Amino acid sequence: MALDSPNRDISRTWEYHNATKHSEWSIRAGPHYLDFSNQPLPLKVYTTIEPIPLPRDADQTGIAALSAIADAGVPADTERIPCLRDLARILYFSAGITKKKTYPGGEIYFRAASCTGALYEFELYIVCGDLPELKAGVYHFGPGDFALRLLRAGDHRGVLVHATAAESTVSHAPALIICAGTYWRNAWKYRTRTYRHFGWDNGTILANMLAMAAALRLPAKVVLGFVDSEVNLLLNLDTDREVAFSIVSLGHANAEPPMAPREIPELAFPTVPLSQTEIDYPELREIHKASSLETPEEVADWRTRAKTGNWGTDVQTCPPISRFSPHSTDPIEQVILRRGSSRKFERQSITLEQLRTILEASTQPIWPGFSLLNHVYLIINAVEGIAPGAYYFHVDTAELELLKAGNFRGEARYLGLQQDLPGDAAADVFFLADFHAILEVFGNRGYRATQLEAGIIGGRMYLAAYALLLGATGLTFFDDDVTNFFAPHAAAKSAIFLVALGKGRKPA
């Protein structure tokens with residue numbers, strides 16, 4: 001990897017990460033008041049492109065949610081071409097509108113995957129060859145009317161083959177989904193911390209997407225190594241506002257797509273403004289640029305480093321959850337539809353079997369061939385069969401190591417930004433990562449990868465918890481206080497994400 005590549009200047013990640021840490025002092029010193037009259041739209045709306053309605057009558061897969069979540073996936077070289085109904089199911093159960101609530105001031109629409117602040121800053125784009133019932137093209141997915149809109153006609157998959165330095169799953173994918181994040185839609189509430197949320201919120205979408213692909217027996221892989229500028233150009237994104245963050249390859253075809261065109265013309269499709277005014281947070285563009293890859297050669301070198309690097313986490317070689325029974329048999333679609341974010345927890349115990357099932361299902365391998373970037377720590381408050389205390393979860397052996405015993409409900413509440421949820425939860429799962437080792441291998445792109453992985457694991461925990469008729473919610477935290485609480489075991493690691501688990505209680 002070129003030494004002058006922005007991705008190798010890891011001081012830029014440390015600058016962003018340290019500047020966006022939460023502490024008791026930072027929360028008090030920087031209060032933020034929401035201007036609801038200027039709240040951005042939760043949808044990207046093209047005003048001049050005719051919609052292509054997606055089918056709504058697809059049958060359910062019948063695959064149990066826990067099986068879909070923990071599935072190691074279909075072998076990448078299994079020939080499988082997704083049809084339009086497959087694509088519709090994946091899009092709906094990943095980012096579709098699944099429910100709405102009416103309030104005196106209007107309506108709130110909820111999506112299939114959780115999102116910080118229910119702000120839904122991610123847009124999905126499809127790049128495909130000819131599929132059954134869908135012509136080759138570049139499309140935008142509109143959750144509002146559950147339709148596709150054609151941005152470019154023809155087969156443009158070659159652009160992504162070039163951008164990913166001929167990543168094998170991309171070269172043979174009949175369809176690819178690109179996830180792009182919109183800064184302002186999340187920054188309206190969370191300001192400069194939004195780039196962390198990009199990883200979490202994209203990750204929960206991908207957790208659903210991978211589970212649905214597994215249920216449909218479609219090969220699927222998350223791809224993070226790509227030339228950002230080429231992907232953004234293909235989608236014609238205004239990169240001051242919206243940027244491609246991840247790619248998922250879907251299916252496998254033996255034939256490879258045509259080569260990328262020499263020129264990609266600019267598009268001129270107007271969209272509805274998100275709000276009256278947008279506040280710019282240049283720190284978001286700066287960290288994204290710092291974590292971007294600039295050439296196919298840099299992508300290839302980055303991928304080689306990823307395969308040979310070592311960041312000290314365990315590797316789980318096979319799914320062990322089959323030894324726990326009985327499990328929920330509710331199908332993945334049903335679990336996604338009933339999933340929510342718990343707003344209150346009963347102070348009641350869950351079983352050790354339930355906790356182990358959630359942990360093991362959610363920490364199955366994400367990146368084929370190498371281990372997770374995140375380390376899993378817990379505060380256990382009320383789990384039958386195990387003493388309350390602080391624990392470390394060994395992913396390879398599925399064992400819980402006691403770090404210190406005691407009732408830490410008060411500490412859990414404080415660490416979770418002094419909210420009642422983590423204090424009342426049966427267990428709180430903290431993700432921490434060793435950025436010193438990760439950035440050495442991945443450069444700044446490792447920051448994107450780590451946050452995204454935490455979101456995927458957290459999204460799986462949501463699904464596993466709701467499959468077991470429990471509740472879950474993702475939370476933010478006081479960064480350094482989390483590390484200090486789990487020290488010395490977690491010394492030099494950085495707090496990434498927090499998921500609280502327990503028996504949900506509906507508010508009165």
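The legends below describe several close-up views of a predicted model. Local features are given only where pLDDT is at least 70, side-chain atom pairs count only at pLDDT 80 or more, and totals for chains, interfaces and linings use all residues. Residues are numbered from 1 along each chain as its sequence is written, and side-chain values use heavy atoms, with hydrogens and water left out.

**View 1. Strand β16 and the burial of its two faces.** Strand β16 covers residues 427-433, where strands (E, at least two residues) and helices (H or I, at least four) are DSSP runs numbered from the N terminus. Seven of the seven residues of β16 are buried, so the strand is largely enclosed by the rest of the structure; buried means under 20% relative accessible area, with exposed over 50% and partly exposed in between, for a 1.4 Å probe and protein chains only. A427, V429, F431 and A433 are buried on one side of the strand, and D428, F430 and L432 are buried on the other.

**View 2. The strands that pair with β16.** Two strands count as paired if DSSP finds at least two bridges between them. Strand β12 (residues 374-380) pairs with β16 in the antiparallel sense over seven bridges, and L378 has V429 of β16 as its bridge partner. Strand β18 (residues 494-504) also pairs with β16 in the antiparallel sense over seven bridges, with D428 opposite A500 and F431 opposite F497.

**View 3. Strand β18 and further partners.** Nine of the eleven residues of β18 are buried, so this strand is largely enclosed by the rest of the structure. Strand β17 (residues 471-475) runs antiparallel to β18 and is joined to it by five bridges, and G471 stands opposite G502. Strand β10 (residues 345-346) pairs with β18 in the antiparallel sense over two bridges, and here E346 stands opposite K503.

**View 4. Aromatic rings around F198.** The structure holds 24 aromatic pairs, in which rings of Phe, Tyr and Trp (its six-membered ring) have centres within 6.5 Å, and planes under 30 degrees apart count as stacked, over 60 as edge-to-face and the rest as tilted. The ring centres of F122 and F198 are 5.3 Å apart with planes at 65 degrees, so this pair is edge-to-face. It links distant parts of the chain, since F122 lies in strand β4 (residues 122-128) and F198 in helix α8 (residues 194-215), 76 residues apart. Y195 and F198 have ring centres 5.6 Å apart and planes at 45 degrees, so their pair is tilted.
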